[in-house]
Amino acid sequence: MLSSESLGAPQNAQRGTGGEAEPAGQGSATVTDLLNEAPQSKFHRRTVIISGVGFFTDAYDLFVIGTVATLVATQWKLSTLQTSWVTGAAILGAFVGALAFGRLADVLGRKKVYVTVAVIMIFGAVGSAFAPSFFFLVAARLVLGLGIGGDYPVSAVYMSEYSNRQDRGRLVGLVFSMQALGLIVGPLIALLLLSSGVGDGLVWRILLGLGAIPAATVVYLRSKMPESPRYLAQVEGQSARAAHDMQHFTDGVITEPARVTARVGRLQLREFVTDRSMLKLLLGTAGAWFLFDYAYYGNTLSLPAILKNVDPTASLETKLVWSLGMFVIFAVPGYLLAVAKMDRIGHRRLQFIGFSVMAACFLVLAIVPALTQYVAPFLTILGLSYFFVQFGPNMTTFVLPSEVFPVSMRTTGHGVAAGVGKLGAFVGVFLVPVLQDHIGLRGLLAVAGISAVVGFAITTLLPEPAGRTLEDVSGEQLEVRAESLEVAPKFSAL
């Protein structure tokens, strides 16, 4: 059981970072204190699974579309531009969904949005599977993207706000690592369906429809989750309810009633977008995510076309096997190592490492002509970049925005970062085929390498959150009282 004594909090000690001493005899750990020092337990793993299943859905729906677009383009005789819209519609929807639902989660609370986005993903997946025409398919994928985009900030922040300070990166990273399953399951199911003799016209509909299943399973689980305790205590001022919810949800791991409150109030949107330190964080998180997603999603979703350039004789099934092999051999170990080591290495430092190796791999492929003329060396170096994509910015661009913003703007900030990131992916989906036509495969790889270099530079704008409390990282100074007091938020210079 976690108590104020186990946290090392003496009865008359000062609490928080605001330097306010509590009245004698009324000392107690706040909700925030209890969460920051709570041992990793079953309730953390439960939150990882509930958030992670939704993110598996996100990954499956986004990455299976590369195969689907190839089949649909042949069946419906789509132009290159139309095929790009099939591929990129969900990503464009994710841009809007991340911005809109990220903001709503700070205004209405995390839980309402947490459930809503899962429901939207169900409708989008089912609508896509039964699409009778190109325009209907694009519209359904846009709807699906709204749910996917909304899931990014809410899933990340929900996990971040339940985490302790020592394991936060690993726990949020575990949520994101469910993407690895989506990367593997999508191509694997596509291979099974293509080899089963089912017509191509039915294969792509089944692939899209299957995305509704994990989203449907997660709706009920999310409806049973309590509201984020940090949001309740620090923004809504409901410390008692937050403590009660934690005691129930954690099955007794946290039992200490919070007899003091630590409020920072709500930062207004106008204050948020005009504060220099907040703008610096937005530029650092959103800029790095935009550049990364351009390079990663643009190349990954266009991978069948890129591989065709390397080996024009390869069949769709062969290219799927190559893609699956790269995911299993390179990407999955990258996810696992990032989860295991990121809190020790540092979240920002890991982003530096990933961007530097990505840049090196892409630029080497661009500079040495022979590497893009043979399948084995091309896949090896591209696979190495995939390892450091996961052991680097693909993981950290998701984790960092869930840590650096103040609690009342945490999903708003993460939503902006995720939305701008998805905008980068959308640009990549349309630009990569154009670049491939005009400057060739080596040219588009050079652009991706330069993007990674700039992403490395932008990362310098961010603080290092590993091992620190969310309140310390965001610069929030909590003024703690025995009675509930509403105070204006204070932010220290970053």
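Select Phe43 and Tyr162 to begin: in this predicted model, both of these residues are buried. A search of the whole structure finds 19 aromatic pairs, and Phe43 with Tyr162 is one of them, edge-to-face because the ring centres are 6.4 Å apart and the planes stand at 65°. Colour helix H2 (residues 42–63), where Phe43 lies, and helix H6 (residues 134–162), which holds Tyr162, and you will see that the pair ties together parts that are 119 residues apart in sequence.

Stay in helix H2 and select His44, which is placed in that helix. Is His44 buried or exposed? His44 counts as buried, because its relative accessibility is 0%, under the 20% that sets the limit for that class. Show the residues around it and, leaving aside those up to four places away in sequence, you will find that His44 touches Ala38, Pro39, Met159, Tyr162, Ser163, Asn164 and Leu171. Tyr162, the partner of Phe43 in the edge-to-face pair, is thus also among the contacts of His44.

**A second aromatic pair, and a cluster**

Next select Trp76 and Trp204, which form an edge-to-face aromatic pair with 5.4 Å from centre to centre and 80° between the planes. This pair also links distant parts of the chain, since Trp76 is in helix H3 (residues 65–76) and Trp204 is in helix H8 (residues 200–209), 128 residues apart. On a surface view, Trp76 is partly exposed, with a relative accessible area of 23%, whereas Trp204 is buried, at 0%.

From Trp204, move to Ser128 in helix H5 (residues 110–129). Ser128 is buried, with a relative accessible area of 1%, and, not counting residues up to four places away in sequence, it touches Leu137, Ala140, Arg141, Trp204 and Leu208. For a further aromatic stop, select Tyr152, Phe176, Trp289, Tyr335 and Phe398, which together form one aromatic cluster.

**Salt bridges**

Side chains of opposite charge can pair when their charged atoms come close. The count for this structure comes to ten salt bridges, and three of these are worth selecting in turn.

Start with Glu37 and Arg165, whose closest N and O atoms are 2.8 Å apart in their salt bridge. Glu37 sits in helix H1 (residues 31–37) and Arg165 in the loop between H6 and helix H7 (168–195), so that the pair links parts of the chain 128 residues apart. Each partner is partly exposed, Glu37 with a relative accessible area of 35% and Arg165 with one of 23%.

Now select Arg410 and Glu161, which form a salt bridge with the closest N and O atoms 2.9 Å apart. Because Arg410 lies in helix H20 (residues 410–458) and Glu161 in helix H6, this pair ties together parts that are 249 residues apart in sequence. Arg410 counts as buried at 0% relative accessibility, and Glu161 is likewise buried, with a relative accessible area of 0%. Extend the selection to Asp106 and Arg110, and you will have the four residues that are linked in a network of salt bridges: Asp106, Arg110, Glu161 and Arg410.

The third salt bridge joins Glu471 and Arg230, with the closest N and O atoms 3.1 Å apart. Glu471 is in helix H21 (residues 470–474) and Arg230 is in helix H10 (residues 229–235), which places the partners 241 residues apart. Here Glu471 counts as buried at 4% relative accessibility, and Arg230 is buried as well, with a relative accessible area of 1%.

**One helix with a buried face, and a surface patch**

Turn to helix H11 (residues 239–249) and select its buried residues, which are Ser239, Ala242, Ala243, Asp245, Met246 and Phe249. Look down the axis of H11: these buried residues fall within an arc of 165°, and therefore they line one face of the helix. On the other side of H11, select Ala240, His244 and His248, which are exposed. An α-helix has 3.6 residues a turn, so residues three or four places apart point the same way.

Finish on the surface with Leu104, Val107 and Leu108, which make a nonpolar patch of about 230 Å². Of these, Leu104 has its place in helix H4 (residues 80–108) and is partly exposed, with a relative accessible area of 35%.

Methods. Residues numbered from 1 in each chain as written. Predicted model: local features only at pLDDT ≥ 70, side-chain atom pairs only at ≥ 80, totals over all residues. Heavy atoms only, no water. Patch = residues over 30% accessible without salt bridge, like charges linked within 9 Å, V, L, I, M, F, W, Y side chains within 5 Å. Areas by Shrake-Rupley, 256 points an atom, 1.4 Å probe, with all protein chains shown as cover. Salt bridge = Lys/Arg side-chain N within 4 Å of Asp/Glu carboxyl O. Helix = DSSP H or I, 4+ residues; strand = E, 2+ residues; numbered from the N terminus. Buried < 20%, exposed > 50% of the residue type's maximum accessible area, 1.4 Å probe, protein only. Arc of directions from axis to C-beta. Contact = heavy atoms within 4.5 Å. Phe/Tyr/Trp six-rings, centres within 6.5 Å; stacked < 30°, edge-to-face > 60°.
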